[in-house]
Amino acid sequence: MTYKSSTQAVPQVSAVPRHVAIIMDGNGRWATKRFLPRVAGHVKGVEAVRTIVEACSQRGVEYLTLFAFSSENWRRPADEVSLLMRLFMTALEREVGKMHANDIRLRVVGDLSRFDAKLQDMVAKAEAQTAGNTRLTLTICANYGGRWDIMQAVGKMLREQPGVTDFSEEQLTPHLAMAYAPEPDLFIRTGGEERISNFLLWQLAYSELYFTETYWPDFDGTELDKAIDSYRQRERRFGRTSEQLVEQKKVS
């Protein structure tokens with residue numbers, strides 16, 4: 001199923017966000033604050049992923065998307081990049097079986113061609129193993145960038161319809177990396193920074209944005225509830241007026 005863009009159709013709004021997208025920021029600073037090596041923060045961050053996956057599943061969130069490694073993160077020190085790759089592989093080895101047992105589907109999106117062949121194979125097997133699960137779809141964005149996503153979608157669209165120069169959003173949307181999911185209702189960034197950082201640029205057009213000072217390793221179910229409570233206070237108009245929403249509630 002391909003979902004329509006929020007600029008083309010008004011999506012349904014519920015008290016619990018159907019899709020939550022998170023930039024997991026602050027692992028290194030969490031460790032530095034405790035006089036620990038940065039690796040300790042990344043290890044603790046993996047534990048936080050497990051906690052939030054479980055919390056989202058319990059609260060009825062259907063899609064959870066986590067920004068694990070951006071296309072710009074290759075600029076980090078080589079030893080830290082190598083560590084992140086090893087952590088990714090370890091997490092796949094330890095967690096996929098548990099996710100499968102809990103009816104959670106795993107998908108990994110991004111340009112995986114730059115990753116080690118073993119890691120690519122592990123990702124493919126994990127996705128295949130969990131493909132039939134329906135309780136929650138967990139998407140890990142790895143070597144992902146919002147601009148890369150749009151460009152690769154345009155490339156696929158042009159290859160599918162060579163010679164055509166007039167396109168619509170409906171023609172592009174199926175080629176986006178996350179065409180299988182509705183656009184995020186709630187975007188969360190931990191760690192105190194307040195920017196999108198090339199994450200889901202197309203898909204976040206009408207998402208509610210929530211920024212918190214809490215570092216990712218400390219982000220738990222209680223912090224998630226704070227974000228969801230903030231989301232519930234928002235008036236999601238999608239270009240309409242407040243008066244129109246009032247009238248719509250009267251009719252319904």
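Is Phe 35 buried or exposed? In this predicted model, Phe 35 is exposed, with a relative accessible area of 80%. The legends below begin with that residue and then move on to rings, pockets and cysteines.

**View 1. Phe 35 and Ser 197, two loop residues with positive phi.** Let us start with the backbone. Most residues other than glycine have a negative phi. Phe 35 is not a glycine, yet its phi is positive, at about 60 degrees. This residue sits in the loop that runs between α1 and α2. Ser 197, also not a glycine, has a positive phi of about 55 degrees. Its place is the loop between β5 and β6. With a relative accessibility of 31%, Ser 197 counts as partly exposed, whereas Phe 35 is exposed.

**View 2. The largest pocket and its lining.** Here is the place to look for open space: the largest pocket holds about 1,200 Å³. It is lined by 48 residues, and those closest to its centre are Met 24, Val 49, Phe 67, Ala 68 and Trp 216. Two or more lining residues come from each of α1 (27–33), α2 (38–59), β2 (63–70), α3 (78–101), β3 (104–109) and β4 (136–144). Which element gives the largest share of the lining? That is α2, with 10 residues. Sorted by class, the lining has 23 nonpolar, 11 polar and 14 charged residues.

**View 3. Trp 74, its ring partner Phe 115 and the charge of Arg 114.** A pair of aromatic rings is described by the distance of the centres and the angle of the planes. The structure holds 9 aromatic pairs, and one of them joins Trp 74 to Phe 115 in a tilted arrangement, with 5.9 Å from centre to centre and 40 degrees between the planes. Trp 74 belongs to the loop between β2 and α3, and Phe 115 to the loop between β3 and α4 (117–129), so the pair ties together parts that are 41 residues apart in sequence. Trp 74 counts as partly exposed because its relative accessibility is 21%. Phe 115, at a relative accessible area of 5%, is buried. Arg 114 joins the scene too: it lies over the face of Trp 74, at 4.0 Å from the ring centre.

**View 4. The edge-to-face pair of Tyr 144 and Phe 199, and the cluster around it.** How many degrees lie between the planes of Tyr 144 and Phe 199? The angle is 85 degrees, which makes the pair edge-to-face, and the centres are 6.3 Å apart. Tyr 144 is in strand β4, while Phe 199 is in the loop between β5 (186–189) and β6 (208–211), so this pair ties together parts that are 55 residues apart in sequence. Both Tyr 144 and Phe 199 are buried. Follow the rings outward and you will meet one aromatic cluster formed by Phe 67, Tyr 144, Trp 148, Phe 187, Phe 199 and Phe 211. Phe 67 also appears in View 2, among the residues closest to the centre of the largest pocket.

**View 5. Arg 107 over the ring of Tyr 180.** For a second charge over a ring, look at Arg 107. It lies over the face of Tyr 180, at 3.7 Å from the ring centre.

**View 6. The cavity and the contact of Ala 179 with the chain around Tyr 3.** The structure has 1 cavity of 30 Å³ or more, with a volume of about 90 Å³. Its lining includes Tyr 3, Lys 4 and Ser 5, along with Thr 173, Ala 179, Glu 183 and Trp 202. By class, the lining comprises 7 nonpolar, 3 polar and 2 charged residues. Ala 179 is found in the loop between α6 (169–172) and β5, and it counts as buried at 11% relative accessibility. Ala 179 and Tyr 3 are 176 residues apart in sequence, yet their C-alpha atoms are 6.6 Å apart in space.

**View 7. Cys 56 and Cys 141, each in no disulfide.** How many disulfides does the structure hold? The count is 0. For Cys 56, the nearest cysteine sulfur is that of Cys 141, 14 Å away. A disulfide needs the two sulfur atoms within 2.5 Å. Cys 56 is buried, with a relative accessible area of 0%. Cys 141 also counts as buried, at 0% relative accessibility.

Definitions and conventions:
Residues are numbered from 1 along each chain as its sequence is written. This is a predicted model: local features need pLDDT of at least 70, side-chain atom pairs count only at pLDDT 80 or more; totals for chains, interfaces and linings use all residues. Side-chain values use heavy atoms; hydrogens and water are left out. On a 1 Å grid over the protein atoms alone, a cavity is a set of points where a 1.4 Å probe fits but cannot get out, and a pocket is an open set with protein on both sides within 12 Å along at least five of seven lines; lining residues have an atom within 4 Å of a point. Grid points are joined across faces, edges and corners, and a volume is the space filled by probe spheres set on the points. Helices (H or I, at least four residues) and strands (E, at least two) are DSSP runs, numbered from the N terminus. Ala, Val, Leu, Ile, Met, Phe, Trp, Tyr, Cys and Pro count as nonpolar, Asp, Glu, Lys and Arg as charged, and the others, Gly among them, as polar. Rings of Phe, Tyr and Trp (its six-membered ring) pair if their centres lie within 6.5 Å; planes under 30 degrees apart count as stacked, over 60 as edge-to-face and the rest as tilted. Buried means under 20% relative accessible area, exposed over 50%, partly exposed in between (1.4 Å probe, protein chains only). A charge sits over a ring if NZ of Lys or CZ of Arg is within 6 Å of the ring centre and within 35 degrees of the ring normal.
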